[in-house]
Amino acid sequence: FQRLYNKGKRAVSPSLALYYRRTGKKTTRLGLTVGTKLGSAVVRNRIKRKLREIYRLEEPQLKCGFDLVIVARTRARNADYRTLERELKRLFEASSLYETGGRA
């Protein structure tokens, strides 16, 4: 995580921050960070479940060989699923992480 924060590229939205770096490996690894500022364990786990599901659905369209860390910002606490989905897709697009064919 620390290597991505220091040497990776980043893209931000009001609710999320995405740190990414090419690894050259065949797989993409995902890390999630949801700090205690966002609320109790129940709230933090709910945010993580939403982010994991959004990533799971988008993964087939993403390029391979990256390390990704998604950081939930304070506004993610009140954001609904659709808002998080829209912002994360926008971050993937801005970071050129989609395959050349684009999103389906």
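Modeller: Rings of Phe, Tyr and Trp (for Trp, its six-membered ring) are called a pair if their centres lie within 6.5 Å, and their planes count as stacked when under 30 degrees apart, as edge-to-face when over 60, and as tilted for the rest. The structure above is a predicted model, in which local features need pLDDT of at least 70 and side-chain atom pairs count only at pLDDT 80 or more, while totals for chains, interfaces and linings use all residues. Residues are numbered from 1 along each chain as its sequence is written, and side-chain values use heavy atoms, with hydrogens and water left out.

Colleague: What makes Tyr5 and Tyr19 an aromatic pair, and of which kind?

Modeller: Their rings are 4.9 Å apart, centre to centre, with 75 degrees between the planes; the distance is within the limit for a pair and the angle is over the limit for edge-to-face, so that is the name the pair receives. Tyr5 lies in helix H1 (residues 2-7) and Tyr19 in strand S2, so the pair ties together parts that are 14 residues apart in sequence. Helices (H or I, at least four residues) and strands (E, at least two) are DSSP runs, numbered from the N terminus.

Colleague: How do you know whether Tyr5 and Tyr19 are buried or exposed?

Modeller: Buried means under 20% relative accessible area, exposed means over 50%, and partly exposed is in between (1.4 Å probe, protein chains only). Tyr19, at 15%, therefore counts as buried, whereas Tyr5, at 28%, is partly exposed.

Colleague: What makes Phe92 and Tyr98 a pair, and what cluster do they belong to?

Modeller: Their centres are 6.2 Å apart and their planes 90 degrees apart, and this pair is also edge-to-face. Ring pairs link Tyr55, Phe92 and Tyr98 into a cluster, and both Phe92 and Tyr98 are buried.

Colleague: Why do we speak of a nonpolar core, and which residues touch the most other members?

Modeller: The name is given to a set of buried Ala, Val, Leu, Ile, Met, Phe, Trp, Tyr and Cys residues joined through side-chain atoms within 4.5 Å. The largest such core has 24 residues, of which Leu16, Leu18, Leu68, Ile70, Phe92 and Leu97 touch the most other members. Strands S2, S3 and S4 and helices H2 and H3 each give two or more residues to this core. A second, separate core of five residues includes Leu4, Ala17, Tyr19 and Val69.

Colleague: Why is Thr74 called partly exposed, and Arg75 exposed?

Modeller: The relative accessible area of Thr74 is 43%, which falls in the in-between range, while that of Arg75 is 57%, which is over the limit for exposed. Thr74 lies in the loop between S4 and H3, and Arg75 is found in the loop between S4 and H3 as well.

Colleague: What makes an empty space a cavity, and which residues line the largest one?

Modeller: On a 1 Å grid over the protein atoms alone, a cavity is a set of points where a 1.4 Å probe fits but cannot get out, and its lining residues have an atom within 4 Å of a point. A search of the whole structure finds one cavity of 30 Å³ or more, and the largest cavity holds about 30 Å³ of space, a volume being the space filled by probe spheres set on the points. Thr28, Leu62, Lys63, Phe66, Leu68 and Leu97 line the largest cavity.

Terms used:
On a 1 Å grid over the protein atoms alone, a cavity is a set of points where a 1.4 Å probe fits but cannot get out, and a pocket is an open set with protein on both sides within 12 Å along at least five of seven lines; lining residues have an atom within 4 Å of a point.
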